[in-house]
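I am opening my notebook on this one and jotting things down as I look them up. Pull up a chair and follow along.

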Amino acid sequence: MSARCGFLTRLKDCPQTGDDPDYYIAKLYTGTCLGTIEDVTASLQRLEIYSQTKLVKGLFQDTIPATNIGNIAVLHIDGDWYNSVKTCLENLYDKVAEGGVIQIDDYGFWKGAQRAVDEFFASRSIVPNMKRIDYSGRQFIKSCIVKPRA
């Protein structure tokens, strides 16, 4: 894919499993944080970047593995739940260029998002130097240097 790429997911259609630590809380929010392709298209048109963008509608677990994605300079993951964040990291982290920016929107809020991030990096012996964006978001620069875990 040569264009920038956005992924949309509809929370009311989002499969939630009982193994997600946020399952019971997440059920309360299901269907309330809904974005439409029309809303996103209108925003991208206002920013005058729609022509550089390709939107792929669907669940991360279905769309990301099936989409040909090139190198990534900035990766912003806003998946909320464990499986969504895990899918994004497993499929997109290696595509982020060295020196690229990675942002995890829900790290400080949803336990499932934090668990997915922590497990992913532990499995690769990576200790990212995460900076706090706000109460929930974290950001770091991807480096080829792997720090030993303490």
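**Entry 1: a pair in helix 5**

In which helix do Glu119 and Arg115 lie, and how many residues apart are they? I looked, and both lie in helix 5, four residues apart, about one turn of the helix. I keep in mind that this is a predicted model. Glu119 and Arg115 form a salt bridge, with 3.2 Å between the closest N and O atoms. The spacing makes sense to me: an α-helix has 3.6 residues a turn, so residues three or four places apart point the same way. I then checked accessibility and found Glu119 partly exposed at 38% relative accessible area, with Arg115 also partly exposed, at 29%.

**Entry 2: the other salt bridges**

I wanted the full count, and it comes to three salt bridges. One of them joins Lys86 to Glu90, where the closest N and O atoms are 4.0 Å apart. I note that this value sits right at the cut-off, which asks for a nitrogen within 4 Å of a carboxyl oxygen. Lys86 and Glu90 are both in helix 4, four residues apart, again about one turn of the helix. Lys86 counts as partly exposed, with 30% relative accessibility, and Glu90 is partly exposed too, at 44%.

Arg124 and Asp94 also meet through their side chains in a salt bridge, at 2.6 Å from N to O. This pair links distant parts of the chain, 30 residues apart: Arg124 sits in the loop between helix 5 and strand 5 (131–132), while Asp94 sits in the loop between helix 4 and strand 4. Arg124 is partly exposed at 30% relative accessible area. Asp94 counts as exposed because its relative accessibility is 51% and the exposed class starts over 50%.

**Entry 3: the sheet**

Next I traced the strands. Four of them make an open sheet in the order 3-4-6-5, with mixed pairing. Strand 3 and strand 5 stand at the edges with a single partner strand each, so one side of each has no neighbour in the sheet. I also looked at strand 4 and strand 6 (residues 138–141), which pair in the antiparallel sense over four bridges.

**Entry 4: Gln103**

Is Gln103 buried or exposed? Gln103 is buried, because its relative accessible area is 18% and the buried class covers anything under 20%. I find Gln103 in strand 4 (residues 96–104), standing opposite Gln139 in strand 6. The Gln103 side chain makes a polar contact with the side chain of His76, at 2.7 Å. Leaving out residues up to four places away in sequence, I listed what Gln103 touches: Leu75, His76, Ile77, Ile133, Arg138 and Gln139.

**Entry 5: helix 4 over the sheet**

Last, I went back to helix 4 (residues 82–92) for its buried side. Which residues of helix 4 are buried? My list reads Tyr82, Ser84, Val85, Thr87, Cys88, Leu89 and Leu92. These buried residues pack against helix 3 (60–63), strand 3 (72–77), strand 4 and helix 5 (111–123). Helix 4 lies across strand 3 and strand 4, and I note an angle of about 170 degrees to strand 3. So that I can find the thread again later: strand 4, which helix 4 packs against, is also the strand that holds Gln103.

Technical notes:
Residues are numbered from 1 along each chain as its sequence is written. This is a predicted model: local features need pLDDT of at least 70, side-chain atom pairs count only at pLDDT 80 or more; totals for chains, interfaces and linings use all residues. Side-chain values use heavy atoms; hydrogens and water are left out. Helices (H or I, at least four residues) and strands (E, at least two) are DSSP runs, numbered from the N terminus. Buried means under 20% relative accessible area, exposed over 50%, partly exposed in between (1.4 Å probe, protein chains only). A polar contact is a pair of N or O atoms within 3.5 Å; within protein, one must be able to donate a hydrogen and the other to accept it, and residues adjacent in sequence count only if both atoms are side-chain atoms. Contact means heavy atoms within 4.5 Å. Two strands pair if DSSP finds at least two bridges between them. Axes are lines fitted to C-alpha atoms, for helices over the stretch in contact, and angles run from 0 to 180 degrees between N-to-C directions.
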